[in-house]
Amino acid sequence: MTGLLLHCPHEERGPDAFDSVVDTELARHGMPVLGRLPHPPRRSPHRTVLDRVFVPAGLHPVSAERRHLDQLAQAGAELFEIGLATEDAVLDGPVIQTAYHRALRRGNVLDAAVRAVEHAAGLRSTVVMTYWEPVRRHGPEHLARLFADASAAGVMVVDLPAHQAARWHDAARDVGLRTPRLIPRTTLDTSLPAAVVGASGWLYAPANTAPTGYQGPLDIPALGHFARRLRGASPLPVVSGVGISTPALAARVAPLVNGVVIGTPVVRALATDPERAAEVTAAFAQALHTPTSGETRA
């Protein structure tokens with residue numbers, strides 16, 4: 001077993017401080033909590049990873065967005081990452097940046113993100129993906145409270161400045177939010193302990209160093225080495241995304257990590273032909289949940 005996926009129908013507001021302490025203790029003994037679901041999982045019993053689907057908030061009107069989230073959950077998404085649109089998404093490629101710009105033109109992106117989280121959290125465990133600029137503009141304490149009240153399980157600030165990390169972690173912890181951390185592949189061994197301080201929930205290991213939407217080959221051995229380095233620095237689960245562009249690549253990455261994030265392929269479908277987004281999700285889910293001969297556990 002790589003960890004626990006908990007069915008918690010009673011948790012309407014997400015994990016609290018007690019849950020965070022329990023999670024830390026379980027992780028210390030090698031049994032991390034990978035996520036909490038408001039409904040029991042309906043996927044194959046041969047699961048090796050908890051797969052996550054990234055959805056930018058505000059890309060479509062509210063009713064359409066909720067329908068898309070429903071379809072993605074039914075297609076196999078078992079954790080949602082809701083993206084808060086921002087102008088300078090420097091770690092993202094053109095597909096996600098264009099989706100963010102569309103959301104920004106629609107206006108009220110923070111309200112759109114809160115509404116998306118509220119609906120997604122009723123379907124699956126849900127976290128928010130954001131850059132520091134919206135956190136700074138709205139205030140860490142205010143933003144953390146908004147998403148906690150919307151039943152988010154956590155918020156990951158992908159470019160969290162080191163000098164703001166303590167304030168953000170305190171604000172999130174006070175309202176029961178987890179604070180996953182994205183750890184750049186270029187992080188030195190000597191810098192890893194400082195990079196993971198205050199992180200909770202999981203560590204995000206990019207599958208390559210390019211922006212999101214990269215469609216080239218992946219250096220699987222290098223990713224495996226990076227995942228092992230992160231596990232040596234922290235007991236938290238390791239998830240990976242960025243450049244996992246096909247179901248076949250997802251299946252190759254899965255044995256190395258505790259979770260696989262699917263972003264650009266789903267966002268591309270949502271932006272161009274929304275009804276195909278569920279098909280894309282289902283294809284990745286099938287690849288991730290179909291055991292292969294000689295499959296290794298993360």
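This report walks through a strand pair, the main nonpolar core and two pockets in a predicted model.

## Strands 5 and 6

Let's start with strand 6, which covers residues 154–157. Strand 6 is covered on both faces: G154 and M156 sit on one side, V155 and V157 on the other, and all four are buried. That split fits a general pattern, in which side chains in a regular strand alternate between the two faces of the sheet.

Next to strand 6 in the pairing is strand 5, residues 125–130. The two strands run in the parallel sense, joined over 4 bridges. If you want a spot to look at, take T130, whose bridge partner in strand 6 is V157.

## The nonpolar core

The largest nonpolar core has 89 residues. Its best-connected members, those that touch the most other members, are F80, I82, F147, W168, I244 and V260. Helix 4, residues 109–121, gives the largest share of this core, with 7 residues. As a general backdrop, nonpolar side chains in soluble globular proteins tend to be buried together.

F147 is a handy residue to centre your viewer on. Leaving out residues up to four places away in sequence, F147 touches L110, A113, V114, V117, V128, A152 and V155. Among these contacts, V155 is one of the buried residues of strand 6, while V128 falls within the 125–130 stretch of strand 5.

## The largest pocket

Now for the open space. The largest pocket holds about 570 Å³. It is lined by 37 residues, and the closest to its centre are L91, D92, Y204, T212 and V242.

Several elements chip in at least two lining residues each: helix 3 (94–106), strand 5, strand 8 (203–206), strand 10 (259–262) and helix 11 (264–272). Helix 11 gives the most, with 3 residues. By residue class, the lining of the largest pocket breaks down into 21 nonpolar, 12 polar and 4 charged.

## The second largest pocket

The second largest pocket comes in at about 410 Å³. Here 23 residues form the lining, with T24, A199, S200, G201 and L236 closest to the centre.

Which helices each supply at least two residues of this lining? They are helix 1 (17–28) and helix 7 (165–174). Helix 1 provides the largest share, 6 residues. The lining of the second largest pocket sorts into 11 nonpolar, 8 polar and 4 charged residues.

Key:
Residues are numbered from 1 along each chain as its sequence is written. This is a predicted model: local features need pLDDT of at least 70, side-chain atom pairs count only at pLDDT 80 or more; totals for chains, interfaces and linings use all residues. Side-chain values use heavy atoms; hydrogens and water are left out. Buried means under 20% relative accessible area, exposed over 50%, partly exposed in between (1.4 Å probe, protein chains only). Two strands pair if DSSP finds at least two bridges between them. On a 1 Å grid over the protein atoms alone, a cavity is a set of points where a 1.4 Å probe fits but cannot get out, and a pocket is an open set with protein on both sides within 12 Å along at least five of seven lines; lining residues have an atom within 4 Å of a point. Grid points are joined across faces, edges and corners, and a volume is the space filled by probe spheres set on the points. Ala, Val, Leu, Ile, Met, Phe, Trp, Tyr, Cys and Pro count as nonpolar, Asp, Glu, Lys and Arg as charged, and the others, Gly among them, as polar. A nonpolar core is a set of buried Ala, Val, Leu, Ile, Met, Phe, Trp, Tyr and Cys residues joined through side-chain atoms within 4.5 Å. Contact means heavy atoms within 4.5 Å.
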